[in-house]
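Q: Could you take one buried side chain and its surroundings and walk me through that part closely? I am new to this structure, so please explain each term as it comes up.

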Amino acid sequence: MAESTIQQQPLMGWDKPELDLSSAEWHSSSRGLGDVQIAFVEGFIAMRNSGRPESPSLIFTPAEWGAFVSGAREGEFDLT
């Protein structure tokens, strides 16, 4: 079986830089009770799984973060 190589192209509209999160100050999303932590880095909001901090983080622009939080407050997301 021949091996194939898949070249991954950047997503259309993906304008977020590679952020260095190694020295980010992470905050619990729910007073230490939840599994999500967030950090504010270079004008962006990073979100990670506190139980697996080595896993990839999600990166939001301020507008995306506002939409995410608004949706969560309306019950669109289960953050527990």
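A: Gln 37 is buried, with a relative accessible area of 18%, where buried means under 20% relative accessible area, exposed means over 50%, and partly exposed lies in between, using a 1.4 Å probe and protein chains only. This is a predicted model, in which local features need pLDDT of at least 70 and side-chain atom pairs count only at pLDDT 80 or more, while totals for chains, interfaces and linings use all residues. Residues are numbered from 1 along each chain as its sequence is written, and side-chain values use heavy atoms, with hydrogens and water left out.

Gln 37 has its place in strand β2; strands (E, at least two residues) and helices (H or I, at least four) are DSSP runs, numbered from the N terminus. Of the 6 residues of β2, 5 are buried, so this strand is largely enclosed by the rest of the structure. The side chain of Gln 37 is joined to that of Arg 48 by a polar contact of 2.8 Å. A polar contact is a pair of N or O atoms within 3.5 Å; within protein, one atom must be able to donate a hydrogen and the other to accept it, and residues adjacent in sequence count only if both atoms are side-chain atoms.

Arg 48, the partner in that contact, is placed in strand β3. Arg 48 is buried yet has no salt bridge, and the nearest side chain of opposite charge, that of Glu 54, is 7.9 Å away. For charge, Lys and Arg count as positive and Asp and Glu as negative, while His and the chain ends are not counted; a salt bridge is a side-chain nitrogen of Lys or Arg within 4 Å of a carboxyl oxygen of Asp or Glu. By this rule the count comes to 1 salt bridge. Glu 54 forms a salt bridge with Arg 52, with the closest N and O atoms 3.8 Å apart, and Glu 54 counts as exposed at 61% relative accessibility.

If neighbours within four places in sequence are left aside, Arg 48 is in contact (heavy atoms within 4.5 Å) with Trp 26, Asp 35, Val 36, Gln 37, Pro 53 and Ser 57. One of these, Asp 35, is found in the loop between β1 and β2 and counts as partly exposed at 48% relative accessibility. Asp 35 and Arg 48 are 13 residues apart in sequence and 8.4 Å apart in space, C-alpha to C-alpha. Not counting residues up to four places away in sequence, Asp 35 touches Arg 48 and also Asn 49, Ser 50 and Gly 51.

The strands that hold Gln 37 and Arg 48 belong to a wider arrangement, which is described next. An open sheet of 4 strands has the order β1-β2-β3-β4, and its pairing is antiparallel; two strands pair if DSSP finds at least two bridges between them. At the edges stand β1 (27–28) and β4 (58–60), each with a single partner strand, so one side of each is left without a neighbour in the sheet. Strands of a sheet pair through backbone hydrogen bonds, either parallel or antiparallel.

On one side of β2, 2 bridges join β1 to β2, and these strands run antiparallel; here His 27 stands opposite Ile 38 in β2. The strands β2 and β3, also antiparallel, are joined by 6 bridges, and the bridge partner of Val 36 in β3 is Asn 49. Between β2 (36–41) and β3 (44–49) comes a loop, and Glu 42 lies in it. This hairpin has 2 residues between the strands, and Glu 42 takes a positive phi near 50 degrees there, a positive value in a residue other than glycine. Glu 42 is exposed, with a relative accessible area of 61%, whereas Gln 37 in the strand before this loop is buried at 18%.

To sum up the centre of this picture, Gln 37 in β2 and Arg 48 in β3 have side chains joined by a polar contact of 2.8 Å, and Arg 48 is buried without a salt bridge.
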